[in-house]
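Please consider the following structure, which is shown with its sequence. The questions after it concern local backbone geometry, helix packing and sheet architecture.

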Amino acid sequence: MLQDPKFISPPLLEIKGLRASFRGSNGYGEAVRGIDLTLQPGKVLGIVGESGSGKSVSMMALLQLLPAGSLVTGSAKFGGRELVGMAPGDIRRIRGKQIGVIFQDPLTAFNPVLTIGEQIAEAIRLHDASVSRKQGLERAEHLLDSVAIPQPRRRVSQYPHEFSGGMRQRAMIAMAIANSPQLLIADEPTTALDVTVQAQILDLLQRLREELGIGLVLITHDLGVVAGSADEIAVMYGGRIVERGQVEDIFYRTRHPYTRGLLRAMPNIEDDGENLTPIEGTPPSIWARPGGCAFHPRCVNAQAICASDDPELRPAQATLSACHFADRLPQMLAPVLEMTP
Ligand code: SF4
């Protein structure tokens, strides 16, 4: 039975043909080469790839956080509003209010000479002038409590250097949710943390998603980070999405050699890491990207056509894959993971 269009919720984020380029001494280098993505309210999208794949640049592009002189084209609609080309005053009102951002390194994101409480209060007052400083500090204390920071009354008047790495990341999350955003973009939120704290931060993000109904974009180089948290995964390489699918299909029915390489490079909970197989070679620079499929110099399945023709992203069994040989890749068993679908 067809669903009544009135009851189909519109996407929270809808990206079509997004491109982003940086200006260099010899012209522009394309870091994001036409990506399409959709995120529904309350869902989690994992964007995965090695550094330089374009995953962070694509999100910073739609938030207009790229360096001056960068070129962004295509479309990125947030709740139906076009972000690409939006006036700076309008995007500033959306950033930090309707869209919260969590960065990898909270120490550099926080101002070292202001207390954590003052910074969270300021983030609230920036978007709501009716909130007094005292009210802002009270809300900051409540927010620190909601992200499970012990003794929030004492912590609210401490400085960033007085927090541990995990605590700072929690405080950064508290600041990102201070204005009740509909969307959170978390850029490598757990990279600098040890495994136990990493799991706690991922649990916290998951809880916030469930309790507050926030949509979450989780950017990471580590497939393990999104295994238990994402609904859908987009794998990026060389500025393009090379595979996209539901989390279980990416892990158990991948149809792209690059995703297979990332899976093989993941620690397996059944061994001690001895069987890890890193992908040989390094990702291409935006200034010297190979022609054809950008992955071909590193791909164990590459054939002659791979060096000349760039494959389109198209359906290949359970996922969308940009590989000429997606339908012919042998079955691969995914690493054993603790997945909590
Ligand atoms: Fe490898 Fe060719 Fe597929 Fe690219 S198109 S991933 S080089 S097999």
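Q: In the loop between which two helices is Q151 found?
A: The model is predicted, so local features need pLDDT of at least 70, side-chain atom pairs count only at pLDDT 80 or more, and totals for chains, interfaces and linings use all residues. Residues are numbered from 1 along each chain as its sequence is written, and side-chain values use heavy atoms, with hydrogens and water left out. Helices (H or I, at least four residues) and strands (E, at least two) are DSSP runs numbered from the N terminus. On that numbering, the loop that holds Q151 lies between helix 5 and helix 6.

Q: What is the phi of Q151?
A: Q151 is not a glycine. Its phi is nevertheless positive, at about 50°.

Q: Which residue just after helix 5 takes a positive phi?
A: The position in question follows directly on helix 5, and its phi is about 65°. The residue is A148.

Q: What distance does helix 5 reach from its first C-alpha to its last?
A: Helix 5 comprises residues 133-146, which makes 14 residues. The expected span of a helix is 1.5 Å times one less than its number of residues. For helix 5 the expectation is 20 Å, and the model is close to it, reaching 20 Å.

Q: Why do the buried residues of helix 5 lie on the same side?
A: Buried means under 20% relative accessible area, exposed over 50%, and partly exposed in between (1.4 Å probe, protein chains only). The buried residues of helix 5 are G136, A140, E141, L143 and L144. They are on the same side of helix 5 because the arc they cover around the axis, taken from the directions from the helix axis to the C-beta atoms, is only 165°.

Q: Which exposed residues does the opposite face of helix 5 carry?
A: This face is turned away from the buried side of helix 5. Its exposed residues are K134 and H142.

Q: Against which helices do the buried residues of helix 5 pack?
A: Contact means heavy atoms within 4.5 Å. The packing partners of these buried residues are helix 4 (116-127), helix 6 (152-155) and helix 7 (165-176).

Q: Which residues does L204 touch, not counting residues up to four places away in sequence?
A: L204 has its place in helix 8 (residues 195-212), and with a relative accessible area of 4% it is buried. Its C-alpha is separated by 12 Å from that of A171, 33 residues apart along the chain. The residues touched by L204 are S146, V147, R170 and I173.

Q: What is the strand order of the open sheet of eight strands?
A: Two strands pair if DSSP finds at least two bridges between them. The pairing in this sheet is mixed, and its edge strands, each pairing on one side only, are strand 6 (99-102) and strand 11 (314-316). The twist averages 20° from one strand to the next. The order is 6-7-8-3-9-10-12-11.

Q: Which residue in strand 8 stands opposite L45?
A: Strand 3 (residues 44-48) and strand 8 (residues 215-220) run parallel and are joined by five bridges. Opposite L45 stands V217.

Q: At about what angle does helix 1 run to strand 8?
A: Axes are lines fitted to C-alpha atoms, for helices over the stretch in contact, and angles run from 0 to 180 degrees between N-to-C directions. Helix 1 lies across strand 3, strand 6, strand 7 (183-187), strand 8 and strand 9 (232-237). Its angle to strand 8 is about 140°.

Q: Is Q317 buried or exposed?
A: Q317 is found in the loop between strand 11 and strand 12 (319-321), and its phi is positive, near 55°. Its relative accessibility is 63%, so Q317 counts as exposed.

Q: What is the order of the open sheet of four strands?
A: Pairing in this sheet is antiparallel. The edge strands are strand 2 (27-39) and strand 5 (81-82). The order is 2-1-4-5.

Q: Which residue in strand 5 does K77 stand opposite?
A: Strand 4 (residues 71-78) is joined to strand 5 by two bridges, and they run antiparallel. K77 stands opposite E82.
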